[in-house]
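Let's take a friendly walk through this model. Keep the sequence and the 3D view open as you read, and look up each residue when it is named.

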Amino acid sequence: MKGAGGVSRWVFSACMAVLVCGAAAAVRGADAELETLGVKSRKQLIRAVVAAGHRDDPAALPVLEALRERRLRVDETGRLYAIPPEGGAALSLTRGAGEPAGERSLRKPRLNNLVRRSLQPVIALLELHSDDREVRYAAAQQLGKYPREDLLEPIGRAQQRETDPATREALDLILAQLQLKSDDASVRLAAVERIADSGDLSLQPLLEELVALGDDGSFAEPDARVRSAAKAALGSFALEQWLVDAAKHLFYGLSLGSVLLLAALGLAITFGLMGVINMAHGEMLMLGAYATYSVQLLFQSYAPESLDYYLVAAVPLAFGVTALVGMLLERSVIRFLYGRPLETLLATWGISLILIQTVRLSFGAQNVTVANPTWLSGGFEILDGVVFPTSRIVIIFFAAAVVAFVWLIIQRTRLGLEVRAVTQNRSMAASLGISTDRVDTLTFGLGSGIAGLGGVALSQLGNVGPELGQAYIVDSFMVVVLGGVGKLAGTIVGALGLGVVNKFLEPVSGAVLGKIGVLVFLILFIQRRPEGIFAQRGRAAEQNGQS
Amino acid sequence: MTTGSAAQSGSRSWLLAVGLFAIAAIAVPLLNLGLAEDSPLHLPDYLVLLLGKFACYAIVALAVGLIWGYAGVLSLGHGVFFALGGYAIGMYLMRSIGTEGVYKSELPDFMVFLDWKELPWYWYGFQHFGFALFMALAVPGLVAFVFGFLAFRSRIRGVYFAIITQAMTYAAMLMFFRNNTGFGGNNGLTDFKRLLGFTLRDPETRIGLYLASVTALLGCFLLCRYVVGSRLGRVLRAVRDAESRVMFSGYDVRSYKLFAWTLSAVLCGLAGALYVPQVGIINPSEMQPANSIEMAIWVAVGGRGTLAGPIVGALIVNGAKSWFTVALPDAWLYVLGLLFIGVTLFLPRGIMGSLLSKHEGTRT
Amino acid sequence: MTVPQNPSLDASDEVDTRQGMILYLEDLTVSFDGFKALDELCLYLREGELRCIIGPNGAGKTTMMDVISGKTRPDSGSAFFGIRHDLTQMSEHEIARVGIGRKFQKPTVFPGHTVFENLELALRGSRSLWHTLFAKLSGEQQDRIALGLDTVGLSDEAHLPAGQLSHGQKQWLEIGMLLAQDPKLLLVDEPVAGLSLSETERTAELLSSLAGTHTVVVVEHDMEFVRQIARTVTVLHEGRVLAEGPMEKIQADAKVISVYLGS
C-alpha cells in the first residue's frame, strides 16, 4: 500500500517521541515532515497533504487548518508560519513555535479546489484525535461523506480507540463502505451486513453497484453470497425508504390538513350551521394574519425584549378583531340575505373585495414579513435525515386546540345550546324566547373569529399579503362540502384526509397536478355521494331545492 | 316576474335590438375611419377596441344570464369557457405567426423557449382558421356538457353547483399555468401578428373585429330570445321556479338544464374567440375565480330573467371599470364591492327588472 | 343531448294492468338516520279505485308517496306500477311519463308563468327537448287548455301570473295541471288543507268523479272530507298498514281508535 512508508515513519517518530521525550531530533523529524507542506507545486502539495493523512499525526492539524483558511505562510527556507485566526503577525509553526516571522519575506501557498478537496478528509481524520466528543462525531460525519480508500487504516485505528458509541458506529460504517472494495469476499460480506444493519439509506447506491451487471454481462461483485446479502439488504432498505416516505407524507399531510382545517372550521360554522355562503371567509383568514403582523410590529416597537411571545398576544387579538368584523358584516349585510344563498354569495364576495382593497391601501400591496419566534424555528429530527419543522408540529397542536375550543363552545355553553337550537328549528327556538338575531350575530362572529385564528397559523407558514385568503377559499369550501355540511366532525376528517391525500399524490404527480387531481376527485366524489353530503334525506332535503 | 311582458313586448324588443345594432355597426366605423383624426367627432382607435371588448363581454353576460336568469343555475366558472374559446383562436393566431417569431422557428416561441422539438398533437389543425373557430365553440361546449352531465345527474344545484364550478375554473387555471400543459404557461399566448392575412394592428382590422363582435352579439341575442320564447324556455323558467313540479310533470329536468348550460358555454366560447384577437393576448388569469364572479355581477346589475338586462349590466359595469381604473384606480374595487352588495340588497331584480316592474305597475 | 333513460321505457310502454291491479307495494322499508319511516309496508291498489290514506303524523304517508313518485328510493322492498314498471328503478320524470301524477301538500305551481302557461307545460304530449324547442300549440291543445281552465274555474285568470293567485286557486290550478297531464294514477297529498268549506266540497266532487277512469290516492287529515269521498280507507301507523277497509269498519276498529281517532 501507498501509505506504508508514511505509517512506518509515523510509527518511528511516535516511538522516538515516547522514548526521547521532547528530543530535538524527533522534533526536527516531525518538522521536516510538516515542512513538506510548504512546497510550491500544487501537485506536490496535494501529495504532502495525503501523506500527512497517512501519517495520521495530529500535530499536522494546525498547519492543515491554516492552509485551508489561507492563513499559512512559508518563508524562503520552507519554514511554516501561520497568521492566528484572530489576525496579526504570522507566528512560526515549527521550530520555536510561536516565534514571529520577523522581517522574513513570506509566501502564501496557492490553493485550488483540488487542494481543498484533498484537505477536507485529512483534517477530519486528524480531528478524530480531538478530546472533544462533538468534534470527533462531526469529523466522522464529514469523513463519511466521501470515504477515501487510502485512509482505511488510520480510520480503522481511530475506530479502535474511539470511546463515544455514536462516533464509533459512524466510523465503523465508513470502514464497511471502504471494505466493500476489499479483495477478500468474506470481508466484503461482513461489510454488506454491517451496512444493512445500519439502515442508512444514503448507502443504498453502494449496494446497488454490487448487484448491478457490468457492460460485459458479468456482475460487478463476483461472489454470489455477497450479492445475495446485498440484495436482501436492498430489500429491507426499500421497505425502510417506503416507511420513511410514508411517515414524511403523513406528517406533511397532517400539517397541510391542519391548515385546511383551521381555514375551513370557521366556514363549517357559518356555512354548515347557518347556511351562509361567506365568500369573504378567506379575508377573515387574511385579517387574522394581518392582526398577527400588527401585534408583531407593536412588540418590535414597545416590547422588543419579549418579541418571542408576540404570538401569545396575537391569538386572542386576531380572534377578537375578526370576530368583530364578522359580527359587523352580519348586522349590516348578511342579515338581510338569509334564505337567499346565491345573493349572499355575491354580496359577501363584494365584501371580500372591499376588505382586500382596504388592507392593500393601509398595509401596502406587498407581502409583509411575519417572523417565526425563535421557539417556533428549528425542527425535530424524527428519523435519520427526516426533520419535522417545529412550526408545523405546533400548528397541528394549535388546530387540535381550536377544534377543542369550538367543540366546547358548541357543546358546553349556553351559546352553543342556542346555536344548535336555532340551527335545528328556528321558529321553535324563537318561540322559546331565544333571540335568534343575537344568536345569528354571535355564531357568525364565532365562525369569523375561528378564521382569524387560522390566519395566525397561516402567518407562521408563508407570506402574508392582501390576497392571502383568496388562495384558501376554494379549498375551504371543498373541505366543508366533502366532510358534510353541518357536521364539524366531517370537516375535521375532510380536512385531514384531503391534506394527507394531497401530500401522497404530490410526489407521484407533482404539486400542481396533485392539486388538480384532488379537485377533480372532489368533484367526482360529490357526484357519487350527493345525498350523503348535501341533502339530508327526508323532509329536510326539500329546502335544498329552494335556492 | 317578467314573463308576461317578455312575451308581449317580444316583437318590439326584436326591432329595438336590430335598430341599436344598426346604429352601432354604422356609426362606429364611420366616426373612426370616415373622419379625420383631428376632427372633434373622430372616434379614437382605443375606443373602438373598448367597444369591441364590451360587445364580447355582453355576449358573456347574455350567456350567464341565460343559464342563471332563466334556468336558475348560477355558474361561477364561465371564465373557463371564455378562456377556452380564446385559447382556441389564440392557437390559430400563434400558428399564423409562422416563422416571424423571436426565434424564427416554425414552432411558437414559447415552445422553442421550453426546448420542445415538435408540435404537441393537440396543436394540430389549428393552422386552419375554420378548425380553430370550430374548436373555440366545440371545446367549451364539450367541457360544459361533460361537467354539466355529471353535476346535473347528481342533482347538484344552487350554491353547491356554484362552488364546484368555481373549483372547476380554479383547477383549470392551475392546469394552464403549467408550462407542460402546452399553452404557454404563465404568459399564455401573445405577440399575434395576423388574422386571416389581415394585420391585427391595422385600424381596418380593428373595425372588422368590432363589427364581427357586435354582429355576434346581435346573433346571440336573437338566438337566446328564440330559445327563451319557446316552450323550452318556459320549461327552463319552470325549472328555476319549481324544479320538482317540472320533474313530476314528466320533464327530464337534467337534459333541459344541460341544454341551457352547454349553449351558454358555447356562446361564452364564441365571446372568447372574438375577444382574444382584439386584446392580443390570452393567459390563464382569465380563469381566475374572480373573473367568473364578475361575470355574474354584470347579470345581477342588469337584471336576471331578462335578456337585455345582462347586456346593459355588462356595458355599465365595464364602462365604470374602464373609467375608474384610469381616473381613480384605488377606488375601483370599492365601487365593485359596493356594487355587489348594493345590487343584492337594494336591487335584487337588477336595472332592467326594476324598470320593467315599474312599467307594469303604471300599466295596470 | 338527452340523458340516457331507462332502457325498458318507450312510447308504447303502457302500464300493464291486465291483472286488475295498478299498484303493488311490497315490503317497502325506508329509514332516515335509523328512524324507520316505512317498515315493510304492503299496499295494493285496484285500477280505478279511490283510496284514502290516513294516519297520525310520522305514519309514513308522505314517504310512501315519495317512493311511488320516485323521489325517495326504498332501502328494500318493491314498488310496481302495473306488472311491468319497477318504480324503484325509474326517475321522477319517467314515472310521471308512464302515468303517475302527484299533487304536493303545499301547492306547487310555476309562480312566474301565467295560469295558461302552467297548463300548457302540464299538457300531455312529448316532453323531449327538441320538441319543446320548436313546439307550437295546436288548436286541439288550446282547446284542451281552455277546457282545463274551465274545469278548475280559472278561465278569467288565464293570463295572470300563477304567483298572484289565492291559495285555493293555486290548489285548483295544481289539480288542473294534474288533470292536463292525464295520469293513470293520481297521488294527492292533503288536497283540502286551507280550503274553504265550499271549495272542499267541490274538491270532493272532482276527486270522486275522477275515480273509475283514474286511480286516485288521497292522503288527508280532514276526517270529514275522507268520510265524504272514501270508499276504501287505509290506516298507516309507524310505517305499516294498521287497518284497511270501508270507512265504517275502520271507524269501529279498536286498534285504529287507540292510535289515531282516539287521540
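## A network of salt bridges

C:K36, C:D39, C:E40 and C:R240 are joined in a network of salt bridges. A salt bridge here is a side-chain nitrogen of Lys or Arg within 4 Å of a carboxyl oxygen of Asp or Glu.

Before going on, note that this is a predicted model, in which local features need pLDDT of at least 70 and side-chain atom pairs count only at pLDDT 80 or more, while totals for chains, interfaces and linings use all residues. Residues are numbered from 1 along each chain as its sequence is written, chains are lettered from A and ligands numbered from 1 in the order in which they are written, and side-chain values use heavy atoms, with hydrogens and water left out.

Back to the network: C:E40 and C:R240 form a salt bridge whose closest N and O atoms are 4.0 Å apart. C:E40 belongs to strand 2 (residues 35–46) of chain C and C:R240 to strand 10 (residues 240–245) of chain C, so this pair ties together parts that are 200 residues apart in sequence. Helices (H or I, at least four residues) and strands (E, at least two) are DSSP runs, numbered from the N terminus. C:E40 is partly exposed, at a relative accessible area of 44%, and C:R240 is partly exposed too, at 39%. For these words, buried means under 20% relative accessible area, exposed means over 50%, and partly exposed is in between (1.4 Å probe, protein chains only).

How many salt bridges are there over all chains? The count comes to 28. Here are some of them:

| Pair | Closest N to O distance |
|---|---|
| A:E134 and A:R133 | 2.9 Å |
| C:E140 and C:R144 | 3.6 Å |
| A:E343 and B:R304 | 3.1 Å |
| C:E120 and B:R231 | 2.9 Å |

C:E140 and C:R144 sit four residues apart in helix 5 (residues 139–151) of chain C, so about one helical turn separates them. C:E140 is partly exposed at 46% relative accessibility, and C:R144 is partly exposed at 31%.

## Chain A on its own

Chain A has 22 helices and five strands. Of its 547 residues, 48% count as buried. The domain assignment, which is automatic or comes from a database, gives chain A domain 1 (18–127), domain 2 (175–243) and domain 3 (247–546). The C-alpha centres of domain 2 and domain 3 of chain A are 50 Å apart.

## Where chain A meets chain B

Contact means heavy atoms within 4.5 Å. By that rule, 43 residues from chain A and 41 residues from chain B take part. The two chains bury about 3800 Å² between them, 78% of it on carbon and sulfur atoms. Buried area is the accessible area (1.4 Å probe) that two parts lose on being put together, summed over both.

The count of salt bridges between chain A and chain B is one. Which element gives the largest share of the side of chain A that touches chain B? Helix 14 of chain A does, with 15 residues. That side divides into 31 nonpolar, eight polar and four charged residues. In this scheme Ala, Val, Leu, Ile, Met, Phe, Trp, Tyr, Cys and Pro count as nonpolar, Asp, Glu, Lys and Arg as charged, and the others, Gly among them, as polar.

Now find A:I523, in helix 21 of chain A. Is A:I523 buried or exposed? A:I523 is buried, with a relative accessible area of 11%. Leaving aside its neighbours within four places in sequence, A:I523 is in contact with B:F147, B:I164 and B:M168.

## Where chain B meets chain C

This contact takes 29 residues from chain B and 41 residues from chain C. Chain B and chain C bury about 3300 Å² between them, 60% of it on carbon and sulfur atoms. In chain B, the residues that lose the most area to chain C are B:R231, B:R245 and B:F248, together 27% of what that side buries.

Three salt bridges cross the interface of chain B and chain C; B:R231 also appears in the table above, paired with C:E120.
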